[in-house]
Amino acid sequence: MQYEVANLEEYLTSIPVERKEAVEKLIKILADKLPTGFELQLSYGHLGFVVPHSLYPNGYHCDPKSPLPFINIASQKNFIALYHMGIYMDDKLLNWFVDEYPKYSKRKLDMGKSSTYSKKINHVTNR
């Protein structure tokens, strides 16, 4: 589900009330933990932390006019999705994530090829 919005602020105001706090919490955690230089913007119709052209002028190989996507957050109809392709590039990182997940959530990990899904957002702990 993509919101028909023109900018980041419109996306944030379009998020359903029941998910708004969780999405804002994810944004804050990512912004605090990511290295300097990543920018939050609309990326493929969702919230995305990207490597801007000022740091990586070549942009995304599929569309060089777009900045390189790094991690995206999507407020979908029935869940919040966190998309991060990099997690599959390194088995050590993937295994670490799978092992760490239960320490932060009471729910079973629901994971796709490049994404994790949270249907019950109130089960995430405040670590």
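Helix H3 of this predicted model spans residues 91-104, and its 14 residues reach 20 Å from the first C-alpha to the last, close to the 20 Å expected at 1.5 Å a residue. At the N-terminal end of H3, Asp-90 serves as the cap, with a side-chain oxygen 3.0 Å from the backbone nitrogen of Lys-92. The buried residues of this helix are Leu-94, Phe-97, Glu-100 and Tyr-101.

Glu-100 deserves a second look. Its relative accessible area is 17%, so Glu-100 counts as buried, and its side chain meets that of Lys-103 in a salt bridge, 2.8 Å from N to O. Lys-103, at 44% relative accessibility, is partly exposed. The two partners both belong to H3 and sit 3 residues apart, about one turn of the helix. An α-helix has 3.6 residues a turn, so residues three or four places apart point the same way.

In total, 2 salt bridges are counted. Besides the pair in H3, there is a salt bridge between the side chains of Asp-32 and Lys-28, with 2.7 Å between N and O. Both residues lie in helix H2 (residues 17-33), 4 residues apart, which is again about one turn of the helix. Asp-32 has a relative accessibility of 52% and is therefore classed as exposed, whereas Glu-100 is buried.

A further side-chain pairing involves strand S3 (residues 68-75), where Ser-75 is found. Ser-75 is buried, at a relative accessible area of 1%. Its side chain makes a polar contact of 2.7 Å with the side chain of Arg-19.

Conventions: Residues are numbered from 1 along each chain as its sequence is written. This is a predicted model: local features need pLDDT of at least 70, side-chain atom pairs count only at pLDDT 80 or more; totals for chains, interfaces and linings use all residues. Side-chain values use heavy atoms; hydrogens and water are left out. Helices (H or I, at least four residues) and strands (E, at least two) are DSSP runs, numbered from the N terminus. The expected span of a helix is 1.5 Å times one less than its number of residues. Buried means under 20% relative accessible area, exposed over 50%, partly exposed in between (1.4 Å probe, protein chains only). A polar contact is a pair of N or O atoms within 3.5 Å; within protein, one must be able to donate a hydrogen and the other to accept it, and residues adjacent in sequence count only if both atoms are side-chain atoms. A salt bridge is a side-chain nitrogen of Lys or Arg within 4 Å of a carboxyl oxygen of Asp or Glu.
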